[in-house]
Amino acid sequence: MKILVINGPNLNMLGIREPGIYGKRSYRELCALIEKTCAEKGVECEIFQSNHEGAIVDRIQEAYGKEDAIVINPAAYTHTSVAILDALKAVALPAVEVHLSEIREREPFRQISYAGMACEKTITGKGFAGYREAIIYLVDRFERK
Ligand code: CA2
């Protein structure tokens with residue numbers, strides 16, 4: 001099994017600013033946790049981060065026929081991007097949406113998630129642990145099939 005983990009704009013800045021919302025740990029530490037979780041579960045993973053909406057759409061399309069599942073934190077594009085929603089729908093891979101913060105308790109503009117409409121599960125407000133939970137969920141789902 002191969003899992004694609006996609007992180008959207010500014011998540012590469014983790015640990016540098018806004019530790020009160022997103023925590024003190026760096027993006028490298030997040031990648032290390034993702035890789036460790038995948039290794040523990042015996043699955044391959046690829047991590048992709050981009051600040052560009054079109055690059056994220058391209059990477060989702062590339063997953064078709066290549067990866068088995070997607071974990072996605074589209075960051076700010078969560079709340080704006082119908083293009084990312086359409087790409088997720090087009091490839092129709094099982095996907096889980098992750099947010100570090102509890103978006104439901106934040107500003108009104110964060111209350112809509114377009115990408116989430118194409119995801120079978122959404123995990124919010126659990127910090128880095130949300131990625132771990134998403135990976136375990138997708139591996140268990142794959143193994144049940
Ligand atoms: O809670 C999440 O994971 C978010 O997807 C993070 C996005 C935000 O726009 C979403 O509403 C919720 C923002 C990621 C920006 O990350 C930063 C990292 C360091 C410093 C500033 C921002």
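The following exercises concern the ligand and its pocket in a predicted model. Local features require pLDDT of at least 70, side-chain atom pairs count only at pLDDT 80 or more, and totals for chains, interfaces and linings use all residues. Residues are numbered from 1 along each chain as its sequence is written, and side-chain values use heavy atoms, with hydrogens and water left out.

**Exercise 1.** Identify the residues that come nearest to the ligand, and its polar contacts.

*Solution.* Step 1: the ligand is surrounded by 17 residues (a heavy atom within 4 Å); N73, H79, L100, S101 and R110 come nearest.
Step 2: a polar contact is a pair of N or O atoms within 3.5 Å. Ligand oxygen atoms lie 2.8 Å from a polar side-chain atom of N73, 2.9 Å from a side-chain N or O atom of H99 and 2.5 Å from a polar side-chain atom of S101.
Step 3: of the 510 Å² of accessible area (Shrake-Rupley method, 1.4 Å probe) that the ligand has on its own, the protein covers 92%.

**Exercise 2.** State which residues lie nearest the centre of the largest pocket, and its volume.

*Solution.* Step 1: 18 residues line the largest pocket, with P9, N10, L11, Y22 and A75 nearest its centre. A pocket here is an open set of points on a 1 Å grid over the protein atoms alone, where a 1.4 Å probe fits, with protein on both sides within 12 Å along at least five of seven lines; lining residues have an atom within 4 Å of a point.
Step 2: its volume, the space filled by probe spheres set on the points, is about 380 Å³.

Note on methods
Polar contact = N/O pair within 3.5 Å; in protein donor to acceptor, adjacent residues only side chain to side chain.
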